[in-house]
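Notebook open, model loaded. I want to go through some strands and one acidic residue, and jot down what I find.

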Amino acid sequence: MVITPLPPKALPVNAMTPLEIPGTPTWLILSEDGRIHRWESDSGACDLVGTTTLVAQLPSLHAADHERASVRIHASPSGRFAAVVIDYGSEGVVIDLSTGQQVLELHGGTYCEEHVPFSIAFANHQGREILIHRTDWNRLDATDLVTGEELAARATPEPASDAGVESPPHYLDYFHGALHANPSGSRIADDGWLWHPLGEVSVWSIEPWLADNPFESEDGASLVALCWREYYWDHAMVWLDDHRIAVGGIGDRETNIVPGARIFDLRRFPSGPHERSAAPEVFAFAGPGDRFFAADGLLYAVAESGLEVWDPDTGARLGSVPDFHPTLHHRTARELAARDETSLIRWLIQPFSEAGFA
């Protein structure tokens with residue numbers, strides 16, 4: 001465990017995210033006054049790379065019954081772009097860190113936005129760096145961040161106006177939530193919900209969405225719903241690899257959910273057009289808490305007692321790091337990290353053997 005002082009010029013810190021680029025461990029820090037710094041945690045080098053006024057909106061949002069509203073920063077795979085968004089709100093911006101200029105303004109819609117984080121994910125597609133983002137409660141779009149081109153242009157179907165009348169093709173009665181891209185960036189897992197309310201984790205593929213079918217995220221052939229839970233969404237979820245995903249919580253409604261992990265394998269789902277049918281669940285086991293990370297095929301879960309390491313194939317708990325409650329995962333640096341007001345607490349993900357950490 002290494003305790004690294006945060007750079008004084010970036011304090012107080014509002015949010016952080018890793019920059020997944022080769023070389024020394026590097027982070028983006030969003031200060032409470034809206035400044036964005038690029039910080040190398042080993043050398044201490046810290047440079048101002050952008051600013052945003054979004055942080056200043058939080059007091060008015062909290063006063064307007066958006067108690068959960070908070071600002072989050074996301075980094076693009078290349079490290080060139082940063083998105084700053086209001087979770088449980090509707091606003092966001094994208095900044096080109098090479099110039100410090102805002103290149104895109106985001107708006108996720110104002111219908112029940114207080115119930116989900118802002119839907120956003122970076123990905124690469126055919127050499128283009130794109131941003132997938134919610135533009136309404138039931139719609140996702142993709143933008144080429146260099147050119148500004150919209151890559152999934154389509155008309156939004158309207159619901160049927162009369163009761164008992166079937167809605168038109170492609171109409172999606174689903175509130176998009178937190179988006180999780182798999183390691184290769186080929187699939188998106190969506191932690192959203194639908195009435196009454198019912199949490200639904202769904203997965204779909206990016207390639208057909210941007211290449212062939214702009215309605216892929218609504219009802220395309222790659223779309224599959226993994227599980228449904230009454231009044232339960234926005235909880236632990238992580239891709240174990242490109243095909244398997246761990247979803248936190250065992251049970252079918254908020255009142256009977258117990259800590260645990262459900263493992264779904266997208267390779268078990270038949271290809272071809274289908275309804276929003278559930279994919280095969282290959283395994284489930286009780287124990288893991290409500291924040292998940294993954295590395296080397298293992299599941300890292302945060303419990304009250306600290307960090308725990310689990311084997312997702314057997315359900316065995318392999319080890320623990322007491323009193324360590326990470327909130328960040330720097331995959332390139334192989335670090336899990338927690339933050340207090342002045343320091344970053346960093347723990348190196350170590351090789352694991354049957355005897356424990358090597």
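Before I look at coverage, the cut-off: I call a residue buried if its relative accessible area is under 20%. Also for the record, this is a predicted model.

**Entry 1: β19 and its partners**

I started with strand β19, residues 258-265, and checked how covered it is. By that cut-off 6 of its 8 residues are buried, so I noted the strand as mostly covered. Then I looked up who pairs with β19. Strand β18 (residues 244-250) does, antiparallel, over 6 bridges. Within that pair I found A246 matched with I263 of β19. Strand β20 (residues 281-286) is also joined to β19, by 5 bridges, and again the two run antiparallel. There I picked out G260, which sits opposite A286 in β20.

**Entry 2: the sheet with β3 in it**

Next I went to an open sheet of 4 strands. I read its order as β2-β3-β4-β5, with antiparallel pairing. The edges are β2 (13-19) and β5 (46-51), each of which pairs on one side only. From one strand to the next, I get an average twist of 25°.

Which residues cover the two faces of β3? I listed T26, L28 and L30 on one side, with W27, I29 and S31 on the other, and every one of them is buried. That fits the count for strand β3 (residues 26-31), where 6 of 6 residues are buried.

I then walked along the pairings:

- β2 to β3: I count 6 bridges, antiparallel, and A15 stands opposite L30.
- β3 to β4: here there are 5 bridges, antiparallel too, and W27 has W39 of β4 as its bridge partner.
- β4 (residues 35-40) to β5: another 5 bridges, antiparallel, with R35 facing T51 in β5.

I also checked the turns. β2 and β3 make a hairpin with 6 residues between them, and G23 in that turn has a positive phi of about 110°. The β3 and β4 hairpin has 3 residues in between, and its turn holds G34 with a positive phi of about 95°.

**Entry 3: the sheet from β6 to β9**

I looked up another open sheet, also of 4 strands, in the order β6-β7-β8-β9 with antiparallel pairing. Why is one side of β6 and of β9 left without a neighbour in the sheet? Because β6 (70-75) and β9 (101-107) stand at the edges, and each has a single partner strand. My note on the twist says it averages 20° between one strand and the next. I zoomed in on β6 and strand β7 (residues 81-87), which pair antiparallel over 6 bridges. In that pair, V71 has I86 of β7 as its bridge partner.

**Entry 4: D191**

Last stop was D191, which I placed in strand β14 (residues 187-194). I looked for a salt bridge and found none, although D191 is buried. The nearest side chain of opposite charge is R229, 5.6 Å away. With a salt-bridge cut-off of 4 Å, that pair does not count.

So what does the side chain of D191 reach? I got the backbone nitrogen of D234, at 2.9 Å. The backbone nitrogen of H235 also turned up, 3.3 Å from a polar atom of the D191 side chain. Leaving out residues up to four places away in sequence, I wrote down the contacts of D191, among them Y174, E200, V201, W233 and M237. D234 and H235 are on that contact list as well.

Conventions
Residues are numbered from 1 along each chain as its sequence is written. This is a predicted model: local features need pLDDT of at least 70, side-chain atom pairs count only at pLDDT 80 or more; totals for chains, interfaces and linings use all residues. Side-chain values use heavy atoms; hydrogens and water are left out. Two strands pair if DSSP finds at least two bridges between them. Axes are lines fitted to C-alpha atoms, for helices over the stretch in contact, and angles run from 0 to 180 degrees between N-to-C directions. Buried means under 20% relative accessible area, exposed over 50%, partly exposed in between (1.4 Å probe, protein chains only). Lys and Arg count as positive and Asp and Glu as negative; His and the chain ends are not counted. A polar contact is a pair of N or O atoms within 3.5 Å; within protein, one must be able to donate a hydrogen and the other to accept it, and residues adjacent in sequence count only if both atoms are side-chain atoms. Contact means heavy atoms within 4.5 Å.
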